[in-house]
Amino acid sequence: MSVNSAPIDRDLEVSNANRGVWLVKVPKYIAKRWEKAPGCNEVGKLKITKPAGQKAQVSLTLAESILLEEPGSEHIPKEHRLDVSVVSRQTLGVFSHYTPPTDPEAIVPETEKLCFEGKIVQKLECRPYADNCYMKLKLESIRKASQPMRQIKQLDRIVHNFKPVSDHKHNIEYEERKKAEGKKARDDKEVVLEMIFAAFEKHQYYNIKDLVTKTRQPVVYLKEILKEVCNYNLKNPHKNMWELKPEYRHYKEQDEPSTSQET
């Protein structure tokens with residue numbers, strides 16, 4: 001039985017609690033470029049203009065280092081606008097944590113420091129302008145999304161790819177039993193008749209499965225011989241069972257007939 005450890009109490013730095021911050025949502029292609037950008041480098045410039053009697057307009061211009069195309073990457077727009085909305089019905093904050101440098105004079109060194117960076121007061125959504133560059137980027141993304149995951153490819157050579165195939169248990173057991181019993185070979189007709197008559201001396205009725213077991217003959221070959229000396233019952237009480245024809249019977253009519261119970 002495991003015992004959960006008690007939570008560790010840590011101090012929270014709240015010197016920036018009164019600071020208002022923005023929550024900005026950017027397109028994926030900008031986020032990918034910013035993630036690959038080296039630290040402490042300029043990634044863009046933010047411009048805020050306040051026309052008279054209108055809301056403030058915010059625009060973003062990406063840095064040239066971000067616009068540089070890598071092999072296999074697409075050209076992205078440089079200019080973007082940011083739609084501003086005020087956060088009034090939610091209380092959102094931004095937190096950060098970092099590991100401070102080790103202080104040799106500290107009695108208990110800090111391993112991690114938590115900070116409250118400020119309260120979110122506005123949400124901004126970054127949107128590109130509908131210019132030719134953005135339209136080409138959008139068409140390329142639609143084309144890639146419409147491509148099927150699997151494609152047919154014509155091969156110019158024969159590919160040999162063999163993989164192990166597991167067999168079912170009942171198939172393995174059947175093959176082993178077949179090898180142990182050996183292949184059933186056709187005996188002479190006279191020999192088969194002797195085995196059939198010997199079997200009917202013990203019981204009056206047999207099903208085909210019991211006769212195959214006793215004679216060890218193929219089913220098709222055995223049925224051909226049975227049709228000559230036996231009758232096949234289609235009615236109860238001995239339905240689907242074989243019986244010798246009257247001219248081949250040697251038991252008395254008043255005797256109670258017996259039925260094979262072998263399986």
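This is a short walk through a predicted model, one selection at a time.

**Start with the whole chain**

Colour the protein chain by secondary structure and you should find seven helices and nine strands. There are 263 residues to look at, and 21% of them count as buried. Now think about contacts between residues at least 6 apart in sequence: 60% of those join residues at least 24 apart. Several of the stops below show links of that long-range kind.

**Stop 1: helix α1**

Select residues 28–36, which make up helix α1, and show the side chains of Y29, I30 and R33, which are buried. Why do these residues sit on the same side of α1? They cover an arc of only 100 degrees around the axis, and that puts them together on one side. Turn to the other side of α1 and you'll meet K28, K32 and E35, which are exposed.

What covers the buried residues of α1? Bring up β4 (57–62), α2 (64–67), β5, β7 and α3, which are included in that cover. Keep β5, β7 and α3 on screen, as the tour comes back to them.

**Stop 2: from R19 to strand β7**

Next, select R19 and E117. They form a salt bridge, with their closest N and O atoms 2.9 Å apart. Trace the chain from one to the other: R19 lies in the loop between β1 (12–13) and β2 (20–25), while E117 belongs to strand β7, so this pair ties together parts that are 98 residues apart in sequence. R19 has a relative accessible area of 39%, so it counts as partly exposed.

**Stop 3: strands β5 and β7**

Stay with β7 and select D83 and R127. Their side chains meet in a salt bridge, 2.8 Å from N to O. This is another link between distant parts of the chain: D83 is in strand β5 (residues 79–86) and R127 in strand β7, 44 residues apart. Are these two buried or exposed? Neither quite fits: D83 is partly exposed at 31% relative accessibility, and R127 is partly exposed at 33%.

Now add R81 and E125 to the selection. Together with D83 and R127, they are linked in a network of salt bridges. Across the structure, the salt bridge count comes to eight.

**Stop 4: inside helix α3**

For a bridge within one helix, go to α3 (residues 132–146) and pick E140 and R143, which are three residues apart, about one turn of the helix. Their closest N and O atoms are 2.5 Å apart, and the two form a salt bridge. E140 is partly exposed, with a relative accessible area of 26%. R143 is partly exposed too, at 40%.

**Stop 5: aromatic pairs**

Switch to rings: the structure holds four aromatic pairs. Select F95 and F116 to see a tilted one, 5.0 Å centre to centre with 55 degrees between the planes. The pair links distant parts of the chain, with F95 in strand β6 (residues 93–98) and F116 in strand β7 (residues 113–128), 21 residues apart. Which partner is buried and which is exposed? F95 counts as exposed at 55% relative accessibility, whereas F116, at 16%, counts as buried.

Then move to F200 and Y206. Their ring centres are 5.2 Å apart and their planes stand at 85 degrees, so this pair is edge-to-face. Both F200 and Y206 are buried.

**Stop 6: N233 in its loop**

Select N233, in the loop between β8 (230–232) and β9 (242–244). N233 is buried, with a relative accessible area of 18%. Leaving aside residues up to four places away in sequence, it touches Y205, H238, K239, N240, M241 and E243.

**Stop 7: K245, a buried lysine**

Finish just along the chain at K245, in the segment after β9. Which side chain of opposite charge is nearest to K245? It is E247, 5.0 Å away, and K245 is buried yet has no salt bridge. A salt bridge needs the nitrogen and the carboxyl oxygen within 4 Å, so that distance is beyond the cut-off.

Where does the K245 side chain reach instead? Show the backbone of E228 and you'll find its oxygen at 3.2 Å from that side chain. To see the surroundings, select K227, E228, V229, C230 and N231, which K245 touches, again not counting residues up to four places away in sequence.

Terms used: Residues numbered from 1 in each chain as written. Predicted model: local features only at pLDDT ≥ 70, side-chain atom pairs only at ≥ 80, totals over all residues. Heavy atoms only, no water. Phe/Tyr/Trp six-rings, centres within 6.5 Å; stacked < 30°, edge-to-face > 60°. Helix = DSSP H or I, 4+ residues; strand = E, 2+ residues; numbered from the N terminus. Buried < 20%, exposed > 50% of the residue type's maximum accessible area, 1.4 Å probe, protein only. Contact = heavy atoms within 4.5 Å. Arc of directions from axis to C-beta. Lys, Arg positive; Asp, Glu negative; His and termini not counted. Polar contact = N/O pair within 3.5 Å; in protein donor to acceptor, adjacent residues only side chain to side chain.
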